[in-house]
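Me: I'd like to learn how to read a fold feature by feature. Can you walk me through one?

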Amino acid sequence: MIRALFVAGADAFRINLSHGSHEDHAARIAIIRTLEKEFGRPTTILGDLQGPKLRVGTFERGLAVLETGAAFVLDRDTAPGNADRVNLPHPEIYAALLPETRLLLDDGKLVLRVKKVTSDRIDTIVEVGGALSNRKGVNVPDVVVPVPALTEKDRRDLSFAVEQGCDWIALSFVQRPEDLAEARKLMGGHGALMAKIEKPSAVQRLEEILELADGVMVARGDLGVELPPQAVPPLQKQIVATARRMGRPVVVATQMLESMIKSPTPTRAEVSDVATAVYDGADAIMLSAETAAGDWPEEAVAMMDSIAHSVEHDPGYFARLHFTETKPDPTTADALAEGAAGIVSVVGASAITCFTSSGSTVRRVARERPMTPILALTPRQDTARKLGLTWGVHAVRTKDIGNFEEMVGKARRMALRHDMTEKGGKIVVLAGVPFGTPGSTNVLHVTAVRGDELKGRD
């Protein structure tokens, strides 16, 4: 099935570390990596950490019905709860709450309003009642709860993900820039760090968080719990636009083709939702339960892929895409990246080929959203894999180059080999001199492809 999803159009695979054993995850990671050998293309793996999930305790009968308008208490008593009270084993919440703040239970299905709070007791009024069962989640949307971004489970999972060579690590429930520091340290330079934006407090400090993260995910599930549903679309656009301006890959996720968990076809509204993310210029669009537990995983991926293709063939796509202005920084690399995107449209080039070690040149070019594919050529497997989440990029691991003639020749051959151009086509080439030096992009070259460059080669 993993192979079928790859063939259907999946560019990256998310390993949800909230569920399953390390043994199960290791087996799936090994399967994903075998695709590299079969298809000669890097595979991208994102290890998604669970994060500090806040939960109530247990009930005498497994659940209790909370009546709207009734009083309800959360306390430190570990005894099973009832319709009047339940245990809440998180001292951080008691310290952060203020009167009149809200508590959302079970993904926002129940709403409590705080009336009084001490170090071991929270008195509330039930604003939206319903059945509450054992260990349901608690969201605190109105305040920043000083919980560590990484739990002990997260630390174990992160260590496992690094050992397994995951290309990206997604950090859940980021609230502030400081939350990224420990994860970055534990990663030890391996992989790239993605901040999941699912708390209103994170949106308020978005640019600071993006300064420290390598990428960002619009995690609309939890974001939609803590905010009214109508508040999420404007925030999605804000997050995508900010990430694009700052040159960070941005993933839009959660409930994208939700009905395809059980149905072989999506609703028209879901198709429109996915298309909107593509029109906005998101680097990646992500499926969750549709492929993890759904009845139609292959069809869901194929549908996602076809929606993206349809949008990208819309004559008005690039005009809409460039509503977001991405001003270059005053650096040679940024100037060349912007120039490459402009040259493509003027001379009708069919691809931009970037020689890169760290991937930074490719990310700069992708930020411009050029009208052609970006062919990333790198000697580093880890760089090729990480670029699987970057807009418009087809990454290839290949030997490094040593001189200008070799650069031009390899660029032409690779563009032909990977169907980026054809005989007589032009390509724009970006590289750095001295060759093989990270961060030295200072060469832009336009070359025509003869069409016979692959003769006599494997």
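Reply: Sure, and keep in mind that this is a predicted model. Let's begin with a sheet. As a general idea, strands of a sheet pair through backbone hydrogen bonds, either parallel or antiparallel. Here, six strands make an open sheet with mixed pairing, and the order runs S5-S4-S8-S7-S6-S10. Strand S5 (85-87) and strand S10 (138-139) are the edges, each pairing on one side only.

Me: In which sense do strands S7 and S8 pair, and over how many bridges?

Reply: Strand S7 (residues 110-117) runs antiparallel to strand S8 (residues 121-128), and six bridges join the two. To find the register, pick one bridge: Leu112 has Val126 in S8 as its partner.

Me: Now the domains. How is the chain divided?

Reply: Watch for a domain built from separate stretches. Domain 1 takes in 1-52 + 149-313, domain 2 covers 63-139, and domain 3 spans 332-449. For a feel of the layout, the C-alpha centres of domain 1 and domain 2 are 31 Å apart.

Me: How many residues are in the largest nonpolar core, and which have the most contacts inside it?

Reply: That core has 64 residues, and the ones with the most contacts inside it are Phe13, Ile169, Leu171, Leu180, Ile197 and Ile239. Helix H12 (residues 297-312) contributes the most to this core, with six residues. Another core, of 26 residues, lies apart from it and includes Ala64, Leu105, Leu110 and Val114.

Me: What does Leu180 touch?

Reply: Skip residues up to four places away in sequence, and you get Leu171, Val174, Leu193, Ala195, Ile209, Leu212 and Ala213.

Me: And cavities: how many of 30 Å³ or more are there?

Reply: The count is three. The largest cavity has a volume of about 200 Å³. Its lining has 22 residues, with Phe355, Thr356, Ser357, Gly436 and Thr437 the closest to the centre. Helix H15 (360-367), strand S17 (374-378) and strand S19 (426-432) each give at least two residues to that lining.

Me: Let's finish on one residue. Is Thr361 buried or exposed?

Reply: Thr361 counts as buried because its relative accessibility is 6%, and the cut-off for buried is under 20%. This threonine, Thr361, sits in helix H15. Leaving out residues up to four places away in sequence, Thr361 touches Cys354, Thr356, Leu430 and Thr441. For a look at sequence versus space, try Thr361 and Gly432: they are 71 residues apart along the chain, with 9.3 Å from C-alpha to C-alpha.

Note on methods:
Residues are numbered from 1 along each chain as its sequence is written. This is a predicted model: local features need pLDDT of at least 70, side-chain atom pairs count only at pLDDT 80 or more; totals for chains, interfaces and linings use all residues. Side-chain values use heavy atoms; hydrogens and water are left out. Two strands pair if DSSP finds at least two bridges between them. Helices (H or I, at least four residues) and strands (E, at least two) are DSSP runs, numbered from the N terminus. Domain bounds come from an automatic or database domain assignment. A nonpolar core is a set of buried Ala, Val, Leu, Ile, Met, Phe, Trp, Tyr and Cys residues joined through side-chain atoms within 4.5 Å. Buried means under 20% relative accessible area, exposed over 50%, partly exposed in between (1.4 Å probe, protein chains only). Contact means heavy atoms within 4.5 Å. On a 1 Å grid over the protein atoms alone, a cavity is a set of points where a 1.4 Å probe fits but cannot get out, and a pocket is an open set with protein on both sides within 12 Å along at least five of seven lines; lining residues have an atom within 4 Å of a point. Grid points are joined across faces, edges and corners, and a volume is the space filled by probe spheres set on the points.
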